[in-house]
Amino acid sequence: MAPVLEIKSLVKHFLFVTDGVILRKYKMLKAVDGVSFSVDKGACFGIAGESGSGKTTISRLILLLEKITSGKILYEGKDISKLARKDILWYRMRVQTIFQDAASSLNPRMRVRDIVSEPLEVQLGKTLTKKEIMERTEEMIRLVGLPTDKLANYPHELSGGQKQRVAIAKAVILHPALVILDEPVSALDVSIRAQILNLLSDIQAQQDLTYLIIAHDLAMLQHVTTDIGVMYLGKIVETGKTENVFNEPLHPYTKALFAAVPWPVPGRVKKAPSLKGEIGNPLDPPSGCRFHQRCEYAKRICREAEPLLVETRPGHSVACHKINEPLWRAS
Ligand SMILES: Nc1ncnc2c1ncn2[C@@H]1O[C@H](COP(=O)(O)OP(=O)(O)OP(=O)(O)O)[C@@H](O)[C@H]1O
Ligand code: SF4
Ligand SMILES: [Mg+2]
């Protein structure tokens, strides 16, 4: 069976204009620069990485909110950049999202009932009766653990957690196959994050969903994901089964990233070197390995040749000369 989502050599460059003294200068900002991964049905694939590494840009490309520069995104084997008009509507029903600050994205002038039912009205309003739409809306509000009387409320009458539940109800009302969650709990009070994550996990099982989840919170990613990709400056530097990557991170960046957070669970690499300096500039990324300016193991080969993502062991791939280059010790 084909994976739900396949990302193949995905590139997104943004044209960046800088004001020169006489002439404007144009440069390409390499937000996503050759990313490949796939997400199987029922998986929860996490994307980790520092701010500016390109995580949200990948989600915007999947959601057809940005145009791909090159590479491919396949959904159930179909190239999404080649979908016919009617298939785009189908795709938009199958792939939904919950944005980072979902609560503030709820229209303050609409009642919860209208917010949750809106996708259904827009996509299937001509084929469903008002009664069917209302029944489905009530079913969704119950699914996210809210009483149906909340349907009459406006967003400002709800707590942060309740607003997030409404955003989840809206995202799943069309019975999507894939849901993209960009920092789904980071805007919430710490005390209710676990509740919302549990809810997302229950809904995933009940509705047979596949998740792509983007987050900075590594402990959360370790807890909820089945597979993970670690991004650095537009590239995936390490990917694999969550268990493998967390139990034995191989890439120096992953090790440093994991070491940099207070770790409430076993498996942390305590003795990894800490992360020095800032993530590089995607307008002018470092040559060779993009991490080389911050890597304590960097050698000449790291500055000169870009390391490829290689399956180092089953279900665990790494892009690092130190790990994959047989001549590393001699170089
Ligand atoms: N529309 C755009 N035009 C120009 N540059 C953009 C655009 N969108 C994103 N970028 C740039 O692309 C790079 C990657 O951004 P992106 O938002 O994907 O990162 P991120 O990993 O999601 O970061 P964060 O963790 O802060 O959300 C950044 O340098 C950002 O400034
Ligand atoms: S390729 Fe070189 S610079 Fe890059 S992470 Fe590996 S050892 Fe460090
Ligand atoms: Mg982002």
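Phe-14 in strand 1 lies opposite Leu-29 of strand 2, and both residues also belong to the shell around ligand 1. Strand 1 (residues 5-19) and strand 2 are joined in the antiparallel sense over 13 bridges. Strands here are DSSP runs (E, at least two residues) and helices likewise (H or I, at least four), numbered from the N terminus; two strands count as paired if DSSP finds at least two bridges between them.

The model is predicted: local features need pLDDT of at least 70, side-chain atom pairs count only at pLDDT 80 or more, and totals for chains, interfaces and linings use all residues. Residues are numbered from 1 along each chain as its sequence is written, while chains are lettered from A and ligands numbered from 1 in the order in which they are written.

**The two sheets**

Strands 1 and 2 belong to an open sheet of 4 strands in the order 2-1-4-5, with antiparallel pairing. Strand 2 and strand 5 (78-79) are its edge strands, each pairing on one side only.

Another open sheet has 8 strands in the order 6-7-8-3-9-10-12-11, with mixed pairing. Strand 6 (95-98) and strand 11 (310-313) stand at the edges with a single partner strand each, so one side of each has no neighbour in the sheet. On average, neighbouring strands of this sheet are turned by 20 degrees against each other, direction ignored; axes are lines fitted to C-alpha atoms, for helices over the stretch in contact, and angles run from 0 to 180 degrees between N-to-C directions.

The table lists pairings within this sheet.

| Strands | Sense | Bridges | Facing residues |
|---|---|---|---|
| 3 (44-48) and 9 | parallel | 4 bridges | Phe-45 and Asp-227 |
| 9 and 10 | antiparallel | 6 bridges | Met-231 and Ile-236 |
| 11 and 12 (316-318) | antiparallel | 3 bridges | Glu-311 and Ser-317 |

Strand 9 is mostly covered, with 6 of its 6 residues buried; a residue is buried if 20 or more other C-beta atoms, placed from the backbone, lie within 10 Å of its own. Asp-227, Gly-229 and Met-231 are buried on one side of strand 9, and Ile-228, Val-230 and Tyr-232 on the other. Strands 9 and 10 form a hairpin with 2 residues between them, and Leu-233 in the turn has a positive phi of about 45 degrees. Helix 9 (residues 252-259) lies across strand 9 (227-232) and strand 10 (235-241), at about 100 degrees to strand 9.

**The nonpolar core**

The largest nonpolar core (buried Ala, Val, Leu, Ile, Met, Phe, Trp, Tyr and Cys residues joined through C-beta atoms within 7 Å) has 81 residues, and Ile-168 and Ala-169 have the most contacts inside it. Helix 5 (residues 160-172) gives the most to this core, with 6 residues.

**Ligand surroundings**

The shell around ligand 1 (residues whose C-beta atom, placed from the backbone, lies within 6 Å) includes Gly-49, Ser-51 and Pro-282. Helix 1 gives the most to this shell, with 3 residues. Helix 1 is itself mostly covered, 7 of its 8 residues being buried, among them Lys-55, Thr-56 and Thr-57. Leu-64, with a positive phi near 65 degrees, follows helix 1.

The shell of ligand 1 divides into 4 nonpolar, 7 polar and 1 charged, and that of ligand 2 into 9 nonpolar, 3 polar and 1 charged. Here Ala, Val, Leu, Ile, Met, Phe, Trp, Tyr, Cys and Pro count as nonpolar, Asp, Glu, Lys and Arg as charged, and the others, Gly among them, as polar. Of the 13 residues around ligand 2, Cys-289, Cys-295, Cys-302, Cys-320 and Lys-322 come nearest.

How values were computed:
Contact = placed C-beta atoms within 7 Å. Buried ≥ 20, exposed ≤ 12 C-beta atoms within 10 Å, placed from the backbone.
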